[in-house]
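Student: I am new to this structure and would like a close look at a single part of it. Could you walk me through that part and what surrounds it?

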Amino acid sequence: MTPLAVHIKHAGKVHDVELDPDLPPAAFKEAVYQVTGVPIDRMKVMIKGGVLKDDTDWKKVAPKAGQTFMVIGAAGELPKPPEKPVVFLEDMNESEMAQALAMPVGLRNLGNTCYMNATVQAMRAIPELRIALGTSFPLDVLPKALRDLYNTMSQTTESVVPAVFLNVLRQVVPQFSELDRSKAGMMSGYAQQDAEECWTQITNALKEVPGIDDSGRSVSGKKFVDQFMTGEMRRELKCDEDENEPPTISTERVLKIECNISNTTNYMLSGIMDALNQKVEKNSSFLMREAIYSQTSRMSRLPSYLTVHIVRFAWRRDIGKKAKIMRKVKFSTEFDALDVVTPELAQKLTPVSRRLKEIEKERAERRKVRKRTKIAQNSAPAPAASRSDMNVDEPQAAPTAAPGELEEEGVYRSRELAELEGLVDPSLKEDFGCSVTGLYDLVAIVTHKGAQADAGHYIGFVKKSVFHGGNTMNGSASRPEKGFDEDDEDWYKFDDDKVSIFPKEKLGTIDGGGELVEPL
C-alpha cells in the first residue's frame with residue numbers, strides 16, 4: 001500500500017508525517033518522535049475508539065490521506081541531526097566504503113531497551129547465524145525481524161532505530177512489554193529487563209531456523225540452534241549415604257552453562273565447576289527418606305558457540321526480590337573446555353586440541369618474524385644501481401628464497417588445516433556445528449552496570465576480529481580480511497548507539513559488578 005501523508009497535532013502545533021500501513025505502528029510512532037520529541041514509551045497516539053497500540057491492525061484503523069492524529073505526551077529533547085550529512089553506501093567510493101564499514105553501527109535506546117540492544121550486538125558475533133537467516137525461507141516473525149535488522153545494520157553508517165524488531169519481540173515475548181511501576185502518569189514507560197532472559201528468549205525463537213551445511217546452504221531436517229548453540233549435558237546422581245544404591249544417569253540439551261558465584265569464587269572456571277558439581281537433597285527410594293546426593297554434570301557435546309552465564313542475580317527471600325552479586329570474577333579470553341566434558345568426549349578432542357595449541361604458537365612466531373623482516377626492509381638503504389643493472393637487454397636471474405625465509409602465510413594455513421582435519425574424530429566431523437577442538441575464543445560479552453537487578457544499564461562488547469573475518473568456527477585455519485592486523489585483539493564497545501574501541505587490556509575492568517553472557 002502507498003504511504004499516506006497525514007498530520008500530527010501535538011501541543012498546539014501541527015506536523016506533517018508519513019504513515020505506511022504496511023509497517024507496524026511502532027514505525028509510525030518513530031516518525032512521530034522525530035517531529036515532536038515525545039519518546040515512544042511516553043507517547044499516546046489517539047485513534048477512533050482508543051489509543052494506538054503496538055499490535056493495532058492498521059486495517060481496522062483505516063487511516064486516510066490528510067487525516068489528523070492527536071498525540072499526547074511530554075516531549076523530551078528532539079533528536080539531533082547528524083553532525084555530518086548521511087551518505088549511502090552506493091554513493092561512496094571504495095576507500096570511503098572501507099572506512100565506513102570498518103566500524104559497526106549502534107542501536108538507539110527506545111526507553112529501557114539497552115538489554116535488547118546489547119543482546120542483539122552480542123548475537124551478531126555468530127557469523128553462521130547471519131548466514132542461516134539469509135538462506136532460510138520462509139522465516140517465523142522474530143527470526144525474520146532479526147534478519148532484517150542485521151541487514152539494515154550492515155547497510156548504513158548511522159545508528160539504527162530497532163523499533164520494528166522491538167515491537168515484534170514484545171509481541172512474541174509479552175514479558176518484555178511490562179511497564180515500569182515505579183513511575184506513574186505521563187512519565188511511565190517500559191520496565192528494564194534481564195539481558196540473559198532476552199538472550200534465552202531470542203535463542204528459543206530461533207530454534208526453528210533451518211540448519212546449514214559447510215558451504216552455507218540451508219539443510220532440511222536440521223536446526224541452526226541445535227547445530228551451533230546447543231550442548232548436551234550428562235548428569236550422574238549418586239547417593240552419598242548408601243553405596244548400594246545405583247547411580248542414575250540422565251542427558252539433557254542445554255543452551256548455556258552457568259558460573260555460580262560463592263564467597264570463594266575468584267575465577268570463571270571455578271564457578272563453572274561449582275555449578276557442575278553440586279550436592280542435592282532428594283528422596284531416596286532405597287533409604288525411604290530424604291538423603292544427600294552428589295550430582296556430577298559434564299558436557300557430552302560442545303557447540304561451536306558456548307554461552308556462559310555468570311549468575312549475578314539471585315532471589316533473596318529476606319527482602320523478597322532479586323539482588324545482585326557484586327563479587328569480582330576473572331575470566332580469560334581463551335577457554336579450554338576439556339575440564340567440563342565427559343572422559344569419552346575429552347579423548348576425542350585431545351589430539352586436535354593439543355595440535356591446535358602448538359599451531360597457534362607457531363603462527364604467533366611467524367608473525368613476529370614477518371614484522372621484524374618488514375622493519376628491517378624499511379630501514380635498510382636501497383643499493384645504488386650499477387651500469388650493468390641498467391642493461392635492459394641482459395636477462396635477469398630468477399629470485400631465490402633465502403635460507404629460512406618464510407613462505408606465504410596461506411601456504412602454512414592450508415597445510416595446518418589439512419593436518420587438523422586429519423586429527424578430527426570421525427564422529428565429530430559428521431556432527432557439523434559442534435566444536436571439534438574444545439578450545440574457545442571469547443568473542444562477545446554482555447555486562448550490567450549498577451547495583452540493582454531491575455535497574456542499571458546493559459552494554460555489549462564484541463571482539464573486532466569478528467567483523468573483519470578473523471574469527472571462524474572451531475578455531476579453523478582461516479585468515480582475517482586484508483588490511484586487518486591479526487595481532488589486533490581490541491574490542492568494540494556497544495553502549496546503545498555509541499560505538500567505540502575498547503582495548504583488550506581493559507577487559508579486566510568489567511570482571512566485577514556486571515552480569516556476563518559470553519558466547520565463546
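Student: Which strands does α4 lie across, and at about how many degrees does α4 run to β19?

Tutor: Happy to help! Please keep in mind that this is a predicted model. Helix α4 lies across β18, β19 and β20, and α4 runs at about 10 degrees to β19.

Let's look at the sheet under discussion. The strands β18, β19, β20 and β21 form an open sheet of four strands, in the order β18-β19-β20-β21, and their pairing is antiparallel. At its edges stand β18 (444-449) and β21 (498-502), each of which pairs on one side only. Neighbouring strands of this sheet are turned against each other by 25 degrees on average, direction ignored. You can follow one pairing in detail: β19 (residues 457-463) and β20 (residues 491-495) are joined in the antiparallel sense over four bridges. If you find Val-462, you will see that Tyr-492 in β20 stands opposite.

Now turn to another neighbour of α4 (114-123). The buried residues of helix α7 pack against α4, and also against α1 (25-36), α6 and α8 (195-205). Those buried residues of α7 are Ala-163, Phe-165, Leu-166, Asn-167, Val-168, Leu-169 and Arg-170. Because seven of the ten residues of α7 are buried, this helix is largely enclosed by the rest of the structure.

Helix α7 also leads us to a cavity. The structure holds one cavity of 30 Å³ or more, with about 80 Å³ of space in it. Helix α7 (residues 163-172) gives the most to the lining of this largest cavity, with four residues. The residues that line the cavity include Ala-163, Leu-166, Asn-167 and Arg-170, along with Ala-26, Ile-40, Asp-41, Asp-54, Leu-110 and Tyr-190. By type, the lining divides into six nonpolar residues, one polar and three charged. A general point helps in reading the helix: an α-helix has 3.6 residues a turn, so residues three or four places apart point the same way.

Another of the packing partners, α6 (141-154), takes us to a loop. Between α5 (127-135) and α6 lies the loop that holds Pro-138. Pro-138 is exposed, with a relative accessible area of 77%. Although Pro-138 and Val-209 are 71 residues apart in sequence, their C-alpha atoms are 9.2 Å apart in space.

From Val-209 you can go along the chain to a hairpin. Strand β6 (residues 210-212) runs antiparallel to β7 (residues 218-223), and three bridges join the two. In this pair, Gly-211 stands opposite Val-219 in β7. The hairpin has five residues between its strands, and Gly-216 takes a positive phi near 90 degrees there.

For a comparison with the sheet we began with, look at another open sheet of four strands, which has the order β9-β8-β12-β11 and antiparallel pairing. Here β9 (248-254) and β11 (277-284) stand at the edges with a single partner strand each, so one side of each is left without a neighbour in the sheet. The twist from one strand to the next averages 35 degrees. Strands β11 and β12 (residues 289-301) pair in the antiparallel sense over eight bridges, and the bridge partner of Asn-283 is Glu-290 in β12. This sheet also has a helix across it: α10 (residues 268-276) lies across β8 (231-239), β11 and β12, and runs at about 15 degrees to β11.

Conventions: Residues are numbered from 1 along each chain as its sequence is written. This is a predicted model: local features need pLDDT of at least 70, side-chain atom pairs count only at pLDDT 80 or more; totals for chains, interfaces and linings use all residues. Side-chain values use heavy atoms; hydrogens and water are left out. On a 1 Å grid over the protein atoms alone, a cavity is a set of points where a 1.4 Å probe fits but cannot get out, and a pocket is an open set with protein on both sides within 12 Å along at least five of seven lines; lining residues have an atom within 4 Å of a point. Grid points are joined across faces, edges and corners, and a volume is the space filled by probe spheres set on the points. Ala, Val, Leu, Ile, Met, Phe, Trp, Tyr, Cys and Pro count as nonpolar, Asp, Glu, Lys and Arg as charged, and the others, Gly among them, as polar. Buried means under 20% relative accessible area, exposed over 50%, partly exposed in between (1.4 Å probe, protein chains only). Two strands pair if DSSP finds at least two bridges between them. Axes are lines fitted to C-alpha atoms, for helices over the stretch in contact, and angles run from 0 to 180 degrees between N-to-C directions. Contact means heavy atoms within 4.5 Å.
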